[in-house]
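Biologist: I should like to understand how the terms used for a structure follow from their definitions. May I put some questions to you?

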Amino acid sequence: MSRRFTPKVVTANALLEGDAVWLRADGGWSRDMHDAQLFEEEELANEALRHALAQPDLVVGAYLADAKAGPEGPVPTHFREDFRTRGPSNYHLGKQAEA
Amino acid sequence: MYRYDDFDDAFVRTRVAQFRGQVERRIDGSLTEDEFKPLRLMNGLYLQLHAYMLRVAIPYGTLRAEQMRQLGMIAERWDEGYGHFTTRQNIQFNWPKLKDVPDILEALADVEMHAIQTSGNTIRNVTADHFAGAAADEIEDPRPAAELLRQWSTDHPEFQFLPRKFKIAITGSPNDRAVVKAHDIGLRMIRNEAGEPGFEVLVGGGLGRTPMIGKVIRDFLPKEDLLPYCEAIVATYNLLGRRDNKYKARIKITVHENGIDTFRDLVEQKFIETRAAFGGADQELLREIEAAFAPPAFRAVDTAPFEAAREADPVFRAWADTNLAEHKDAGHAIVTISLKKPGATPGDATAEQMRVMADLADKYSYGELRVSHEQNIILPHVAKDDLPALHDALKSVELATANLGLVSDIIACPGMDYCALATARSIPIAQEIAERFEELKLEHEIGELKLKISGCINACGHHHVGHIGILGLDRAGVENYQITLGGDATETAAIGERAGPGFPAEEIVGAIERLVLGYLDVREGPEETFLQAYRRLGPDPFKAALYPDTKDAA
Ligand code: SF4
């Protein structure tokens, strides 16, 4: 029954800007997914999500997203999360324009 | 043209002031997101993948030049310099900052606009034919009836908690340009045998998860019975509609499960009561509204310069033959400005383009514009001798694309480039298909072809009623595109049928090209459209073009 836990990051949208942010190991938020903390254990991931949900004055709609380790930090495994790290494909706007 | 009365203006201003306070309290932390979310949705503010999005209502798709100019100003000042016109005749701004939204709403109120969505399970914005008040085939302008419906349904005490949301569409012409058969109630104006105008009334249409074509509940409804009859329909649905399952709560399921005859009997019984209760009280209001929608005084026009330009300039001729529609005044034309230049995002207009369109409306279209559900902009009343100058002005801002109704005039929802509900992207697929056919230089030879793309099952891109429909899905973590064939959004409406297995993103453009070239091979001649050929031949030759390798196996 129990499905194997796959590594996760905690992500949300920033309250004021509305853009995607990721939870860092120090409990703060980053606009760059590479800074995120990657959780290999389900219990720790859930605890971090609870921490995120307790910050409604900073972020909106926190959730756990699948990710994997990359050379510079966590990277997405699904295309939706990949788009959230970049921005739309029809204009050079959003995160891809900030870099 | 119709203007807000003082009550409307005061109401909108009060709502903006309230929302300003709510945003302040959200930012300082005294409102939680759970408390704030319903408030922002009521004010048209959504949170999407990369940013907030503000959806601004354009009732029955009608805009004055000053309103379009203000939309351009908003796009430039508080957004990223563009806006997106949608299939619900709205405009969406994709990058507003939360703190700026009250100022944007204030700027909208200055031109009698707002982002108030009748959210929840109520009667939503009424949509209408985008050629309303101008089309040669129109019996009457449908917008006064649409406005009457808007006033009747706004804050209607009995209908604030319907089983599900409720959408009404109306057309003043027997030729349906408002997709009325895909709405909860569809109203199509026709004449009875005595020549009097009235409505064919349809119920239970809708797209989304369970697409259905609306069924005729009344062959002919006299105009003056419109409100009592709609009230009878909504009241019947309010009692009968299912509240146990969100996916079975729309009126299309109620009609489907009970049968149209049973549903009609109940409505007609209720109608006896509602008609007596109304007693014609709404007709005086209707006459006031009709006076406010009176058409401009069309000037006399010499059409010779237009004919001469058409003969002399092939580029102008291609545009005129493709993007003009017949106006009720022979000296005028309805101009559709395509927002579908190949490679551009369907429905997007830059701030500068909005400003230019506003100026051109003032100069050439009696100050009026319309937004179509096909994501284009219409100048409804252009004198024919002004057309060459108008065309020149449009060329200078890349708005003179001559592709109306052709394969590159694609409807596409925002899909996963913006929408949080999406299962795949729509926009890049639309861009690539349009560019491919641009390269092939076959578009005008192919003729009328309606291609519509949605980024999820919610079907905002109307894919079910596209001659060719494309639905973007997530198949095991990869974008995949399913094709439907033979859909139709007009008075001969039909839901498209699934062609077969979907295609990955890198194969979908090639598949569409094979499909369209396959059609050219089998059509009887240039006058037989894609849809007509599909209806004559059935799906087999089209499937064979789409899936050449499996031809023998199938
Ligand atoms: S069809 Fe789906 S993806 Fe497209 S706009 Fe509607 S909800 Fe979003």
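Modeller: Let us begin with the second largest cavity, whose lining residues divide into 6 nonpolar, 2 polar and 1 charged. The model is predicted, so local features need pLDDT of at least 70 and side-chain atom pairs count only at pLDDT 80 or more, while totals for chains, interfaces and linings use all residues. Residues are numbered from 1 along each chain as written, chains are lettered from A and ligands numbered from 1 in the order in which they are written, and side-chain values use heavy atoms, with hydrogens and water left out.

Biologist: What makes a residue of that lining nonpolar, polar or charged?

Modeller: Ala, Val, Leu, Ile, Met, Phe, Trp, Tyr, Cys and Pro count as nonpolar, Asp, Glu, Lys and Arg as charged, and the others, Gly among them, as polar. The lining includes B:Val12, B:Arg15 and B:Asn43; by that rule B:Val12 is nonpolar, B:Arg15 charged and B:Asn43 polar.

Biologist: Why is one space called a cavity and another a pocket?

Modeller: On a 1 Å grid over the protein atoms alone, a cavity is a set of points where a 1.4 Å probe fits but cannot get out, whereas a pocket is an open set with protein on both sides within 12 Å along at least five of seven lines; lining residues have an atom within 4 Å of a point. Grid points are joined across faces, edges and corners, and a volume is the space filled by probe spheres set on the points. The rule gives 7 cavities of 30 Å³ or more, and the second largest holds about 50 Å³. The second largest pocket holds about 710 Å³. Among its 33 lining residues, B:Arg177, B:Glu374, B:Glu448, B:Lys450 and B:Thr490 are the closest to the centre.

Biologist: How do you know that A:Asp19 and A:Lys95 form a salt bridge?

Modeller: A salt bridge requires a side-chain nitrogen of Lys or Arg within 4 Å of a carboxyl oxygen of Asp or Glu. In this pair the closest N and O atoms are 2.9 Å apart, so the rule is met. A:Asp19 lies in the loop between strands S1 (8-14) and S2 (20-23) of chain A and A:Lys95 in helix H3 (residues 95-98) of chain A, so the pair ties together parts 76 residues apart in sequence. Helices (H or I, at least four residues) and strands (E, at least two) are DSSP runs, numbered from the N terminus.

Biologist: How many salt bridges does the rule find across the interface of chain B and chain A?

Modeller: The rule finds 0 there, although the count over all chains is 48.

Biologist: What makes the two chains count as being in contact?

Modeller: Contact means heavy atoms within 4.5 Å; 32 residues from chain B and 23 residues from chain A take part. The buried area, which is the accessible area (1.4 Å probe) lost on being put together, summed over both parts, is about 2300 Å². Carbon and sulfur atoms give 61% of that area.

Definitions and conventions: Buried area is the accessible area (1.4 Å probe) that two parts lose on being put together, summed over both.
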